[in-house]
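Here is a walk through one protein model for someone who has not met it before. Have the sequence and the structure open as you read.

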Amino acid sequence: MRRHPRAAVAATALLTLALTAAASPAQADRPGPHDVHPALRQHLVAFYDFDHPVVGDPALERDLGRSGTEIELVNGGAAMRVPDRAYKGSGDALQTRQVNPQAAGNDDWKAGIWSSSGVRTLRAFSGAEGTTVMGWFKREMDGPALNSTTANPTDRFNAIGLAGVLTGDSDGHGVRALLELIDVSGELRLVALGRRVDGGASQTFAANEDWRTLLPKGEWVHLAATYDFTSGTMALYRNGEPVDGFYTTAGDPWQLNGPGPHVTSATDSRGIKIGGSFPQNNLERNPCDCRMDGLMFLDSVIPAGDIAKQYRYMAR
Ligand SMILES: [Ca+2]
């Protein structure tokens, strides 16, 4: 049966009304106007601003990126959202920290998600040519925390975990793309650490400059790391500017010598870790006495110019 034209118009009007009504509440859930530069939006898989608790379960944080990957505020729950100004209009920040350095417990404050079968919503990082991790970080510690997993009361971890995407076979520690501070030949350095092939070796791009200068205690700093799995290159940025550095591993850790295309393993990432390893909370490693905000996980190598734009967009 043919519809009367006027009925069709009425139906269209109703549909428009329905769409408008549906759009209004969704709009309130979107990131703020100063959060995501338009140049980055199409690549934004996951984005956490720590101002969007899951309704009914404030220990979970909503993903304002396209993937809808909720993360857990492990061990501290809603208390981990603290008022602090990382950038204009930034609202609450995430507090992570070691809780009891003398005990081999599982009480450190960290965040993330882990699934043994892979997190399907993070599929954008499977078979990926590139990845970018970025966000605001404020460190409150003077070096890696005491190692709570050994009998020795004075030994320390060799790294401070910031934020990263896990591999498809990760035990909660192994990563595809990670921002962290780690000991490189006896010296702690800000690094981008990447792994193309699950179970394969990682490459590390380490900053030349002293980590305490790059991340002054008590100061908000915007960091970004890019991972180009096709060319085997990584880059670091601080407050929108490239950071000089060097690769720590000789040879071909990403196995780029064979036939391409060279992308990450075709497996769903097992999750995201923020402020220490093992988001499934079965072990403590590399805790970060830090605050973080505006954490972004993108499925592309964001060009230097767009990273600078994103920094200025937030910092203005
Ligand atoms: Ca925030």
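With 17 C-beta neighbours inside 10 Å, Asn281 counts as partly exposed. The cut-offs are simple: a residue is buried if 20 or more other C-beta atoms lie within 10 Å of its own, exposed if 12 or fewer, and partly exposed in between, with C-beta atoms placed from the backbone. Asn281 sits in the loop between β17 and β18, and its phi is positive, about 65°, although it is not a glycine. Phe50 also has a positive phi, near 60°. Most residues other than glycine have a negative phi, and most peptide bonds are trans. An exception on the peptide side is the cis bond that joins Gly260 and Pro261, with omega about 0°. Pro261 belongs to the loop between β16 (245-247) and β17.

Here are three loop residues and their surroundings.

| Residue | Loop | C-beta neighbours inside 10 Å | Class |
|---|---|---|---|
| Phe50 | β1 (44-48) to β2 (53-54) | 26 neighbours | buried |
| Pro216 | α3 (211-214) to β13 | 12 neighbours | exposed |
| Asn281 | β17 to β18 | 17 neighbours | partly exposed |

Before going further, a word on the source. This is a predicted model, so local features need pLDDT of at least 70 and side-chain atom pairs count only at pLDDT 80 or more, while totals for chains, interfaces and linings use all residues. Residues are numbered from 1 along each chain as its sequence is written.

pLDDT is the predictor's confidence in each residue, from 0 to 100. Its mean for the protein is 92, and 89% of the residues reach 70 or more. Confidence is lowest in helix α1 (residues 5-29), at a mean of 45, and highest in strand β17 (residues 271-274), at 99. Over residues 1-27 pLDDT stays under 50, and the model has one contact beyond four places in sequence for them. Where pLDDT is low, the predicted coordinates should not be read in detail.

Now the overall build. The protein has four helices and 18 strands; helices (H or I, at least four residues) and strands (E, at least two) are DSSP runs, numbered from the N terminus. Of its 316 residues, 47% are buried.

Strand β8 (residues 130-139) is a good place to look inside: ten of its ten residues are buried. One side carries Gly130, Thr132, Met134, Trp136 and Lys138, the other Thr131, Val133, Gly135, Phe137 and Arg139. What does β8 pair with over eight bridges? That is strand β13 (residues 221-228), in the antiparallel sense, where Thr132 stands opposite Thr226. Seven bridges join β8 to strand β18 (residues 290-298), also antiparallel, with Trp136 opposite Asp293. Strands count as paired if DSSP finds at least two bridges between them.

Helix α4 (residues 304-315) has Asp306, Ile307, Gln310, Tyr311, Tyr313 and Met314 as its buried residues. They cover an arc of only 160° around the axis, which puts them on the same side of α4; the arc is that of the directions from the helix axis to the C-beta atoms. These residues pack against α2 (38-41), β13, β14 (233-238) and β18.

Leu236, setting aside neighbours within four places in sequence, is in contact (C-beta atoms, placed from the backbone, within 7 Å) with residues including Leu190, Ala192 and Phe205.

Note on methods. Two residues are in contact if their C-beta atoms, placed from the backbone, lie within 7 Å.
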